[in-house]
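Biologist: Here's the model on the screen. Before I trust any of the labels, I'd like to hear what earns each one.

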Amino acid sequence: MSATAAATATDPLLRLTQVRRSFGDERALDGLDLTVAPGEIHAVVGLNGAGKSTLMRVALGMLRPDAGTAHLRLPGTGDVPAWRAPAGVWAHVGHLVEAPFAYPELTVRETVVAAARLHGMPRDPARSAAQRVVHDLELDHWADRGARTLSMGNRQRLGLACAAVHEPLLLVLDEPTTALDPAGVVLVRTWLRERRSAGTGVLVSSHHLDEVARIADRITVVHRGRAVGHLAPDGTDLERQFFAMVYATEQARTRRPAPSGRSA
């Protein structure tokens, strides 16, 4: 392998640098840095309102940063700003953010084929890929049923199938197991590990620390729109470490300097 190819194989697929994004007076992201490399699962954890979903939307070009950069680097491209990346770049990206992709009037199988076609796959390969991912996510039993008839958990698995049917190099998943029962969580956990082994870079957000610790290679703690620390997935007492980081950030934010001439 040439030095250039080797560098490309390890360069981040996604890089956020000092990203800031506000909604009116509310700052959702405040100088956040983050990368996702090929063949890794990078988990982002934080309390509700920490900025995780906004981070995902900036990474996917759904929102333009007010400051800083969000760059994608995929085959045949240099660093491309996510908010104006061309269609050829998005052909290598899959996502599940907010509501799962589904056409209520189509069957499960038809919905996944439609997702593949929207990502540029020809008709026959799209059908084959849809069959494969429907099987991988154990949706065979519902394959010919209308998407509107699915339970919340099965609809979420359908959304994951649509996100991954075209075998993207980068997956961006916001709370991908929130509606799943324990069996579904284990299934998706195994599936994500398989995607990582195939070389896919995965950015996943959650507020379930114990769950992401089972699959993540890296865990970044986000609070008030900043990356305030990192957790080792194989570490001990992660919940205590998480809340210690959040508490320390709050203390630093509210601390005031002592008045002039008086000791602190």
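Biologist: Which residues lie nearest the centre of the largest pocket, and how many line it?

Modeller: Nearest the centre are E26, R27, R224, G225 and R253, out of 15 lining residues. Bear in mind that this is a predicted model, with pLDDT of at least 70 needed for local features and 80 or more for side-chain atom pairs, while totals for chains, interfaces and linings use all residues. Residues are numbered from 1 along each chain as its sequence is written, and side-chain values use heavy atoms, with hydrogens and water left out.

Biologist: What makes it a pocket, and what makes a residue part of the lining?

Modeller: On a 1 Å grid over the protein atoms alone, a pocket is an open set of points with protein on both sides within 12 Å along at least five of seven lines, and a lining residue has an atom within 4 Å of a point. The largest pocket holds about 300 Å³ of space, where volume means the space filled by probe spheres set on the points, with points joined across faces, edges and corners.

Biologist: Which elements supply at least two residues of that lining?

Modeller: Strand β2 (26–36) and helix α9 (238–254) do, and β2 gives the largest share, with 4 residues. Those names come from DSSP runs numbered from the N terminus: H or I over at least four residues for a helix, E over at least two for a strand.

Biologist: What is the make-up of the lining of the largest pocket by class?

Modeller: It has 7 charged, 6 polar and 2 nonpolar residues. Asp, Glu, Lys and Arg count as charged; Ala, Val, Leu, Ile, Met, Phe, Trp, Tyr, Cys and Pro as nonpolar; the others, Gly among them, as polar. By that rule E26, R27, R224 and R253 go down as charged and G225 as polar.

Biologist: And what about the second largest pocket, how is its lining divided?

Modeller: Its volume is about 220 Å³. A164, E167, P168, R195 and T200 are the closest to its centre among 15 lining residues, which divide into 9 nonpolar, 4 charged and 2 polar. Helices α5 (123–136) and α7 (182–197) each supply at least two, and the largest share, 4 residues, is from α5.

Biologist: Why is α4 called roughly parallel to α6?

Modeller: The axes of α4 (108–118) and α6 (152–164) cross at roughly 30° and come within 8 Å. That makes the pair roughly parallel, because the label covers angles under 35 degrees, whereas over 145 is roughly antiparallel, 65 to 115 roughly perpendicular and the rest oblique. Axes are lines fitted to C-alpha atoms, for helices over the stretch in contact, and angles run from 0 to 180 degrees between N-to-C directions. V108, T111, V112 and A115 of α4 meet L158, A161 and C162 of α6, contact being heavy atoms within 4.5 Å. By class that is 6 nonpolar, 1 polar and no charged.

Biologist: What makes α4 oblique to α5, then?

Modeller: Their axes also come within 8 Å, but cross at roughly 125°. That value makes α4 oblique to α5. On the α4 side, V108, R109, V112, V113, A116 and R117 take part, and on the α5 side R123, A126, R127, A130, Q131, V133 and V134. The contact has 8 nonpolar, 1 polar and 4 charged residues.

Biologist: How many cavities of 30 Å³ or more are there?

Modeller: The count is 1, with a volume of about 90 Å³. A cavity is a set of points where a 1.4 Å probe fits but cannot get out. P176, T177, S206, E211 and V212 are the closest to the centre among its 14 lining residues. Helix α7, strand β8 (201–206) and helix α8 (209–212) each supply at least two.
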